[in-house]
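This note sets out some comments on the structure shown below. Please read the numbered points with the structure open beside them.

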Amino acid sequence: MNSLLSDKIIKDVISYLFSPLMFAHFEQRKYLGKDEIIIRDHHEFQKFRDAPFQEDFYSHLFELEHGDPPTNAQRKSIKKDIMYVLFQNNRKHRELVEGVRLLEKFYPYVNQFILKIMDRIGKRNFSLLLQRVESYLILDCVVPEFHRRCSVAPVFTIHDCIITTEQHKLELTNVMFEVLHEKTRIKPGLSVEKLDPSDLLDDNFIKKIRDDIYKKSTKSRFKKKSWSILDKHIETTNEFLKNN
């Protein structure tokens with residue numbers, strides 16, 4: 001974040017950095033760095049926040065372009081494409097992806113904003129930044145408020161999913177909606193799914209997961225990963241020694 005805050009190349013978007021996509025994570029003043037930053041909003045971000053996330057954003061993009069709701073297959077395709085918005089900054093490839101094209105067409109400011117950050121800090125750091133945002137919203141905001149209202153309810157989290165008992169599902173849904181809306185000013189789309197303990201994993205599913213792990217667990221991948229971790233530890237240690 002210090003890199004983003006001090007970079008002159010993207011100075012035109014720094015003051016908007018905390019508004020639509022990541023404001024919740026940085027509302028704690030310690031993340032804003034030494035220099036005070038004026039947090040501003042932009043009408044294009046407001047337009048994005050006003051999109052029907054509470055209903056279905058993927059269908060919304062499709063309807064803006066075609067005027068009719070998508071089929072299930074078309075919706076799944078748009079949903080898959082949106083991942084490239086967040087994790088791909090190759091312009092030529094993005095031009096070939098329909099979901100990216102639609103976001104760029106109807107929400108160009110948001111699209112350019114994401115690209116500028118990815119260009120500066122890289123795809124990996126941007127994905128880590130999004131993970132931090134998600135964990136902050138769920139673990140630091142939603143869960144404590146739910147625990148305050150339902151202190152006896154069990155709570156488990158998996159990414160953006162919160163698991164509790166069925167008797168507390170309504171209160172949990174209300175808390176999630178209220179907190180996420182307050183923090184992001186976006187009405188979130190939430191769904192409730194009942195976990196059935198009788199749904200057992202079959203052998204084919206387990207074999208598929210195992211084969212996928214074996215396929216990716218090559219010696220070359222391990223060596224590359226181990227060196228990158230070592231380099232990161234050395235870099236972190238140097239920073240610590242330099243500042244202490």
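1. In this note, a contact means heavy atoms within 4.5 Å. With that in mind, one may ask what covers the buried residues of H5. The cover includes H4, H6 and H8. The buried residues of H5 are Phe 57, Tyr 58, Ser 59, His 60, Leu 61 and Phe 62.

2. The model is predicted, and its confidence deserves a comment at the outset. The protein chain has a mean pLDDT of 81, with 83% of its residues at 70 or more. Residues 28-32 have a pLDDT below 50, although this stretch makes twelve contacts in the model beyond near neighbours in sequence. Where pLDDT is low, the predicted coordinates should not be read in detail.

3. As to the overall arrangement, the protein chain contains twelve helices and two strands. Read from the N terminus, the order of the elements is α-α-α-α-α-α-α-α-α-β-β-α-α-α. The chain has 244 residues, of which 32% count as buried. When contacts between residues at least 6 apart in sequence are considered, 55% of them join residues at least 24 apart.

4. The packing of helix H5 (residues 57-66) against helix H6 (residues 72-87) may be taken next. Their axes lie 9 Å apart, at an angle of about 105 degrees. Angles of 65 to 115 degrees count as roughly perpendicular, and H5 and H6 are therefore roughly perpendicular to each other. On the H5 side, Tyr 58, Ser 59, Leu 61 and Phe 62 take part, and they meet Gln 74, Arg 75, Ile 78, Lys 79 and Ile 82 of H6. Sorted by class, this contact comprises five nonpolar, two polar and two charged residues.

5. Ser 59, a residue of helix H5, merits a separate remark. Is Ser 59 buried or exposed? Its relative accessible area is 14%, and buried means under 20%, so Ser 59 is buried. Leaving aside residues up to four places away in sequence, Ser 59 touches Pro 70 and Arg 75.

6. H5 also packs against H8, at an angle of about 75 degrees and with the axes 10 Å apart. H5 is therefore roughly perpendicular to H8. In this contact, Phe 57, Leu 61, Phe 62, Leu 64, Glu 65 and His 66 of H5 meet Glu 98, Gly 99, Arg 101, Leu 102, Leu 103, Lys 105 and Phe 106 of H8. By class, the contact of H5 with H8 has seven nonpolar, two polar and four charged residues. After H5 comes Gly 67, which has a positive phi near 85 degrees.

7. Which residues of helix H8 (residues 98-106) are buried? They are Gly 99, Val 100, Leu 102, Leu 103 and Phe 106. Viewed down the axis of H8, these buried residues fall within an arc of 160 degrees, so they line one face of the helix. Among the elements that cover them are helix H4 (43-49), H5, H6, helix H7 (91-95) and helix H9 (108-149).

8. A final point concerns Phe 48, which is placed in helix H4. Phe 48 has a relative accessible area of 9% and is therefore buried. Phe 48 and Leu 103 are separated by 55 residues in sequence, while their C-alpha atoms are 10.0 Å apart in space.

Notes:
Residues numbered from 1 in each chain as written. Predicted model: local features only at pLDDT ≥ 70, side-chain atom pairs only at ≥ 80, totals over all residues. Heavy atoms only, no water. pLDDT = per-residue confidence, 0-100. Axes fitted to C-alpha atoms, helices over the stretch in contact; angles between N-to-C directions. Helix = DSSP H or I, 4+ residues; strand = E, 2+ residues; numbered from the N terminus. Parallel < 35°, antiparallel > 145°, perpendicular 65-115°, else oblique. Nonpolar A, V, L, I, M, F, W, Y, C, P; charged D, E, K, R; others polar. Buried < 20%, exposed > 50% of the residue type's maximum accessible area, 1.4 Å probe, protein only. Arc of directions from axis to C-beta.
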